[in-house]
Every structure is written in C-alpha cells, then in structure tokens.
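Student: I've got a model open and I keep running into labels. Could we go through a few and check that each one is earned?

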Amino acid sequence: MKAGEMVNDILAILEWSGSDSRTLSALEQATKVVFYITEPNFIASAISNLDSHRNGGEDGQNSDGPVDMDALANDEMDLLQIDIHRAFRSMLDHATTSASPSLQRWATASLRHLITEDQRRACVFSSGPSRYISFTSQLVSSGGVMILCSLLGADDADIRAHATSALEAIVIATREIGMAVNKSPGKKGFYRAGRGTKDDSAIVDAIVSNGGCGNTLVHLLISADESVAMMGCAFASALISPLLTDPRGSGRTLQFCSSSAASGMGLDSKDDGLASYRNAALVLVVGSGSDDVAIRSDASCLPALIQILKSGLGQSWGGHSTRSMKLQVMAGECLAAISLAVGHIVCETAVNASHSMYGPLRRKAVRALEVMEQEQIYDVAFRIVTSASSSSLDASRNTPQSRLREAAGLIILACASCSSECASYLISNRAVSELVAIAGESRMLTSSSALRGDWASRGLCFLEASTTLLLQAWKNTRRDDDTSSTSPLSLLLEALDAGAVGIASRVVKWKVELHNHDKAYSNIRVKTAVCFMLSAMFGIARDDDQNAVGTSRLYNAIDADCAAALAYENHGKGRSDLIASTIALLKATAPYAQRFANGNLTTGTSDDEPLPMMDLSEACFLAVGSICGAITGCFASGTIGSSTSCNDLHMVLKSSDFGALKSDKHSHLRRDASVMACEILTMRTDQGPFLPNVLIGTIGESCIVPALRLTLAVVQNGHEELRGEVVRSGMLIPLGDILQNALSSGDRYTFSAALAIFRFCGPYATVGLVDSGSFASLKNAIRTMSCVLAISENANDPNEKRTNILNSLKLESLETMEALSSNDSLQSSISNDALPALAELLNSEKEEVVCFALKTIQKLISIPSSAAAVANTGIVASLIQLLQGNIAENVQEVAFDVLHTVALSKSGDLNIIVRLLSCGTVEAIATLLGSATASLHVTEIGLDILLLVMTLSDPSVTSSLHPSAKEGMLQQLRDAFVGQDQFFRAL
C-alpha cells in the first residue's frame, strides 16, 4: 500500500463517529499518527533528505549538475500526501469531545503541527500552478477560533496549553502567510516585516471577542512554571507585536506632543491597520467587558507582566524568585506594545473625546492608563533603563539585556506622552539627562534595533523619550496651573549637560542614503526626533526671558561644539555650527518632501513603508522657527469656542507674542538665522515658489502651521528688508484663506499668526511689487478682520476666559488694521469695510482698543472721501465723549486730530456744525483748553473747531434756517460758553 493511501485511510478513520471504547481507541491512534507525521522537525528532515537526494544523485554524493527546482518543489508537495484542510477539521472536532480526555489532548496538540505545515505550504507554494491556499483565512467564519478560545477554559491543563499554543500559531502563521503572498519579487526593504495583515487582524479580533485574553491568560502569566509563563507571554506577544515592529505603532508620538490635534496639523484618525492590535492591548489591561463595568484585577494581565519584570530588579520590589532573562524580555516587549497602544489612543482622542466615534475607545484607554499608573509601570521601566546590568560597552550587540532595556525605553516614551503623573516622576528623577546620555552612547543611534527591526535604531526610543519630556515642559512654560516643582529651564540645562547639542550636531549632518530604504528610514526618524528636541530647547530658552540663562548656556554649548568640530573633525573645512546645519537640513529636505508628497519620488517598492520625509520637514520647520525666535509652539493651537480648550489657550497665548519683540543681547543671532531661513522660504523649486506651495499643503497639512510659525519668526526678528522678500514670494495669497479658515474653525494660534504676518508684511505690499492676487488676499483679510471687530461681546457670558480671548483677537485685528492703514493702496478698502466697526470701538472701555481705532481712523481720514464717510458714522459724539473722559494725553491728541479733520472736511456743511454743537463740542473743548494740561497742538486745533462752531452766529451761514431754529441754536451756543471762566482767562 502506498503512503498516500495509508494517510487517506487514517483521515477516514478520523471521521468516524462514536463514543465506544474501540472507536475512541482507534481515533486516538489515528490522531497520534497525524501528530507524528506532521511534526515540523520530521518534515524538515525529510525535505533535507529529499534535497540531498536531488542534488547528489542516487549515491548521495554531491553533483555539479543542474537542479530542477520545479521538480523539487513538486516532490516536496508530494512528500506528505495528507489533506491538511481535512485533517484540521477532524482534529478540531475531536478537540471538543469530552468522551476521551486523552483523545482531546492529542487532537489539540496536533493542531499546532497542522498549522505549522499549512504555513510552510502556503509560504513555499504561494504562487504558480501548484499554489496552495491556506485554511487560516477561514478560521473566523468557520468558528475554528471560537472553538479554540473555548478550550482555554478547559479543566485539563494540557488542553489549555495546547489550545493557547495553537491560537498563537494561527496568528503568527496568518501574518507570515500574508507577508509571503504580498511580497514583491526581488524585495530588499523591510516591506511589511512585522506588520499585521487584514487576515490576522480579523483573527486577533475574533480571539479578543471570544475571551482569549481573559483569566486563562492571566493564570498562565502568574504560573511559577517558566515554560507555562513563557507560553502566556508568547501568546500575548503574538496578539500585539505589530505595535512594536510596525513603524506606524510609534510614529506620531512627537507630533502629538508638539502640536494640537485640533489645529489641522494632519493628526488624522484614519485607520492605519493597527486598530485590532491596539484593542487587544487594551483588553489585556482592562478586560473585554463593557465600558460601564468596573475593572476587575483578575482580568488584567498587566500586574502579572509587571511582576515578571520586577523579579529581575531584586527582592526590594516584593517579588518572588527571579524569572529568566528570556521571560523578562518577552514580558517587557508585551508591556512596551501595550504602552504604545494606550499612549497612541489617549493622545489621538484627547481633543475629540466627546465625539461618539472616540468616546468608548478613549474611556477604555483612560482606564488602562489608570491601571498602568497604579502599577507604576514607568517606575519599573526607568529602573531597568538606569540599572547597571542594562548598560553595554558595545551597543551593536544583540543581547537580552539590550532588548529589555529598549523595551523599557519604549514604555517610558509611551507613558511620558500621555501621563502627566509619569512625566512628573521622570522629570523629578532627572530622566532627561539619563535618556540623552543613553542615546548618546557609542553606536546607539546607528545600530539597528533588535526589537523593532532595521527601520529603527536602538537609541531612537531614548532620544524620543527625552524629546517628549522637553516638549511637555515647553508646553508648561507659561501655564498658570503648572504645579511642577522642576522648571523647564532645569530640564534644558540637564539636556545640555548630557550632551544634547553634540548629539544634535552630529545627527543633522548625517547623509541619508535613499537607495537603502531601511537605513534611510532609520536615519530620518532620528533626524526628526533631534529637530523636535531642538525646537523644544530653543523654545524653552526663548521663554526664559528674565535673565537669559538658558539662552546663554544654549548658545555657549553650540559655540563649544563648533569649536570642537573645527579642531578635531572639519580639519579646515570651515565653520558650520548647529544652527546653520539645521537650517541647511530644512533646505535639503524641502525638495524631497515635495516630491514624496506628489508621488514623484519613491524608494524600494510599493510594499515599503513610505519614508517619513514630511514628518522630517515638519520637525525642521519647528526647529528653525524656534531658532529664529518664535515665541510659542504650535501646541498652542486649538478651538477658540471650546469651553474645554480656551482655558489652556489663554494660558499659553498672549497678544504680545505676535507683536514686535524687544531686543536683547541675542537678537543679532536670531536676525542672522532669520536671514538664512528667509532664503529658503523665498526660494523657487521645480514646483514653483516654495513657501506658497507649503502653505497650500503640497507637502502635507502637518507642515502648514509650522511653516506659518517660521514665517512669523522671520518677519518678527529679521530685518525689515526680509518682509518685502516674504511679500514678493507670493505667500500672502494663501495666507488670506488660512486666516479665514482659522476664524471659521476657531484655531486661535493660526489666526493670530496669520494676522501678525499680515501686520508685518502688509505695509510692504505696494503697487508694482506684488501681483493682484496678493492685494486681493489683503482685502479679504481686511474683511475678515472687520467681521471680528463687529462681533458683539456677551456681557452675561459665564466663561470669562473666552471673553478675554475675543478681546485679544479684536485688539490684534485692530493693531493689524492700523498697520495696514499706512499702505495707501489699502486705505479705501479699510474705509469701506471696517469704518463702522472702528467707529463703534471708540465707545470701548479699553484705552488700548480706543487708541488703535483712533490711529487707524486718523490715517483713513487723510482721504477726503473717507473723511466724509467718517463724519456720517456718528463718530463726533464718540469723540466728544472721549474728550470729556479721563484719557491719556497721546490718545487725547489723536482724538482732537480726528475731530478736527472731520469738522474741517465739511466746514461748509451746516449739518456737521449743528452736530458739533449738539454733541457738546463747545463745552468739552472749552473745558479742556481752560485747563493747564492742554498742549500747544491741542490748543491750536481746539480753537479751530470752536471757530467753526461759532460760524453759526454768521447770518450767511444760517440763512437757510427758520428764524425760530436759528434763535434756538444761537441760544444753545451762548449757553455752551456759560460758566467757562477758566477758558476765557486762558484766552
């Protein structure tokens, strides 16, 4: 009898039904046969012998003749003539029988072998005429996963162990099969290595929904048996490992910390293919119950995993016997993946927590974060990172200690990004200096990660973690509710002492070899982290405006690093400090980012994870913006009208942040940097002018606000000539749309930054210098500001912060309007669109608002038509009310000038003279001129106005009036001078 016929007979026996002893005995023996003939080592040995036979001839000696690979593949397929699909169905049926525990045990154990053989066939024969179709894609719909999950609750420990092993094998096999099927020919990059697929995501979801992450897994993890605990860790790792090995699992951490998710910075919530694994990670912590069910400690795997790590830190942790290093590494990797999942969800849903799409997910993630904080996972991770046993003289060596250290670094990175408690703990323990020092160890940033793959360096997580802490501290530099005991300046000094400038100086000068996709991806991620760190360091130093200690120390460190480079590295190549190198990096990155965004430049194949060139551009814009002196970061962006966010916004944003800045001893350095940055912003690329293209989102929406911030820093801190160059670049055209969209969406930072750029650059937009599009954008901006000025204040609004923000926006709009009014080409537009609102603001109780409104009106009335329009707005009464009040002398003079111009603009108009008289002009001016405080200028124009009013006594002026009306006005004029003794004495 042939082997194939024998196997078919065995499969036929496995399909018997019955519960008598003879039937069960036969079924058990048949199951054992299948178990042994599908054992992976047996199959591997048989294939090896077949390979040797095909290559060496009949006598087994090696031959130099050609090898028929197709024939060899067919021989491999025929080597084990067993229907894997049929055998698996039979084993799955017998695994649920309760008549024979022994049969159930053998059947469950055989499942693992069948899954492994199915994976081998699907990967080897993934294409061609002999293509093999795996059964794993049918396990969810056929109920196979549900059956195996039910076996996790079996009474027999062996059955539970075999079921757990089978589920783990299914997940891994499905993932590997998906990668083998989708792999492109000649693939060299990391393509989808370690990344999940649609099929294995469905299996993970099925395992989670059928209770595969419940109490049974917890019991495995807390077992004193190393092999059992190892099995539990391996199963948990299979469910969530793509969160570590997929670049998207931790790719946006720094963006979440440096920007506001409400600001349109590109932090979108589109599915990145990792949702199933993140959900599994949450279930491992809080269980699979509904959101309203309280957390049950026996359903959480987190304490058991943390206990495994604690066992390696000594008895002081209250642990039991020390677990093996291999088990500690597996537990650490599981905790790292869980932390990344929780951190991503908490950060991504922070602003949109009330949205129905995010509500349940966020509540579950917040509960998971609470459990992590209760277990002090960050404390355990930090002690592992700083322990002497974790350090290594050679960072390139792949040791268990290095893997555990990197896993702990990922835990710190994730927790620091979403937990204020963790950030406070790390800051108080001087973690910034420790993490920067670790990242600066030899070869840490150049050696590939053994935990995540070649796309990340081993020191990347430590660099990103220290950057996250600096970014968090930068956010709190001017918060009124900051209770941190450590100032952001202290963190800056820690980073400088740990050598952050030296690390950054080396990294920004790295050359990125695009032909090596893995290495290019790794280098770009490191460069991105360094640029974010520089943006935070310069930002913290800029906010330390009291004694400039931080700024001085930072520039001294840069000078020292530059001197060392000149002495030991450059060998006479010339000076190139960190500032110039960072600006050069922006210039080098920008063209590539545009090409990547347009799809004109790719590396590897379509399966590759795209290079994060746009992330690097965003980080470069932020870093150069801080270097050029930007006051605050893009994290200040948010929704103006939101009652939950306006409190935070008002703490970090001030109108003075967007105005002219005071000079200090480092201003010349910012000016020099602004000159270099302006050259980049105003350059032309193959796609046209660079800055306008960035502002319309050609290299990604995430770069719009950072580019706006850099532009504002350049026009704030640079020479006045730079403002004209920025205007000539054409950036005012998209800026008008940005301003209007920011007002519609309530984005405070973007609106104020765009306003400030209009304020600085608008006066330089003269006829002949810019095109019609720029003028149209300026006129649209004037209309937008007019709408802001016309917004009525709600005196009964219970949210005082929101009212203050509205007042700040009005003040910024007024200041911008006053600056634009100096441009003769824009005065008619301001007069047509903003004049009524400006006249209304003269009644404001805020002297600063009144002053800007008056100055703007003063410039407008130089045009005769505008002066007549002002006279018709009822402004005279407002001006007289101002003169009668207690106002500053400079405001008083401006008010007199405006009143004088308005009055004389229609000196022959009887109506304006009557209006002046009826509004109390005579009384106000006579009282003011009778005081000793009136200046010569005020006295002169005051007498001019009085002479104009007194023309009512001239019969030729009032000839058109009825005698009774004429007499009434003359009486009113006489009464106005009654009691003005001081005025007459002054005359």
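Tutor: Sure. Start with a yardstick: under 20% relative accessible area a residue is buried, over 50% it is exposed, and in between it is partly exposed. Keep in mind that this is a predicted model.

Student: Okay, try me on R443. Is it buried, exposed or partly exposed, and what makes it so?

Tutor: R443 has a relative accessible area of 46%, which falls between the 20% and 50% cut-offs, so it is partly exposed. You'll find R443 in the loop between α21 (431-439) and β1 (448-449).

Student: What makes the phi of R443 worth pointing out?

Tutor: Its sign. Most residues other than glycine have a negative phi. R443 isn't a glycine, yet its phi is positive, near 70°.

Student: Which class does Q376 fall into by accessibility, and why?

Tutor: Q376 comes out at 39%, again between the two cut-offs, so Q376 counts as partly exposed. It's in a loop too, the one between α17 (359-374) and α18 (377-386). And Q376, not a glycine either, has a positive phi of about 50°.

Student: On to salt bridges. Why is the pair D246 and R248 called one?

Tutor: The closest N and O atoms of D246 and R248 are 2.7 Å apart. The cut-off is 4 Å between a side-chain nitrogen of Lys or Arg and a carboxyl oxygen of Asp or Glu, so this pair passes. The structure holds 19 salt bridges.

Student: What is the accessibility class of D246, and what is that of R248?

Tutor: D246 sits at 0%, under the 20% limit, so it is buried. R248 has 23%, which is past that limit but not over 50%, so R248 is partly exposed.

Student: Why does the pair R405 and E441 qualify as a salt bridge?

Tutor: Its closest N and O atoms are 3.1 Å apart, which is within 4 Å, so the label holds. R405 lies in helix α19 and E441 in the loop between α21 and β1, so this bridge ties together parts that are 36 residues apart in sequence. As for accessibility, R405 is at 6% and therefore buried, while E441 is at 26% and therefore partly exposed.

Student: What makes E812 and R748 a salt bridge?

Tutor: Here the N to O distance is 3.1 Å, and that is within the 4 Å limit, so it counts. The pair links distant parts of the chain, with E812 in helix α37 (residues 800-820) and R748 in helix α35 (residues 748-761), 64 residues apart. Both ends are under the 20% limit, so both are buried: E812 has 0% and R748 has 1%.

Student: What joins R105, D156 and D158 into one network?

Tutor: Shared partners. Salt bridges that have partners in common connect R105, D156 and D158.

Student: How do you know which class L496 belongs to, buried or exposed?

Tutor: L496 has 11% relative accessibility, under 20%, so it is buried. L496 belongs to helix α23 (residues 488-497). Beyond its neighbours within four places in sequence, L496 is in contact with V501, M537, R553, L554 and A557. Take R553 from that list: its C-alpha atom is 8.0 Å from that of L496, with the two positions 57 residues apart along the chain.

Student: And S617, what is its class and why?

Tutor: S617 is at 1%, under the same 20% limit, so S617 is buried as well. It lies in helix α28 (residues 613-627). Apart from neighbours within four places, its contacts are L586, T589, A593, I699 and C703.

Student: Last one: what makes a space in here a cavity, and how many are there?

Tutor: A 1.4 Å probe fits inside but cannot get out, and that is why the space is called a cavity. The search finds seven cavities of 30 Å³ or more. The largest has about 90 Å³ of space.

Student: What lines that largest cavity?

Tutor: 13 residues, with G249, T253, L340, G343 and H344 nearest its centre. Helix α16 (325-348) is one of the elements that supply at least two, and its four residues are the largest share. By class, the lining has four nonpolar, seven polar and two charged residues.

Conventions. Residues numbered from 1 in each chain as written. Predicted model: local features only at pLDDT ≥ 70, side-chain atom pairs only at ≥ 80, totals over all residues. Heavy atoms only, no water. 1 Å grid on protein atoms, 1.4 Å probe; cavity = no way out; pocket = protein on both sides within 12 Å on 5 of 7 lines; lining within 4 Å. Points joined across faces, edges and corners; volume = space filled by probe spheres on them. Nonpolar A, V, L, I, M, F, W, Y, C, P; charged D, E, K, R; others polar. Buried < 20%, exposed > 50% of the residue type's maximum accessible area, 1.4 Å probe, protein only. Contact = heavy atoms within 4.5 Å.
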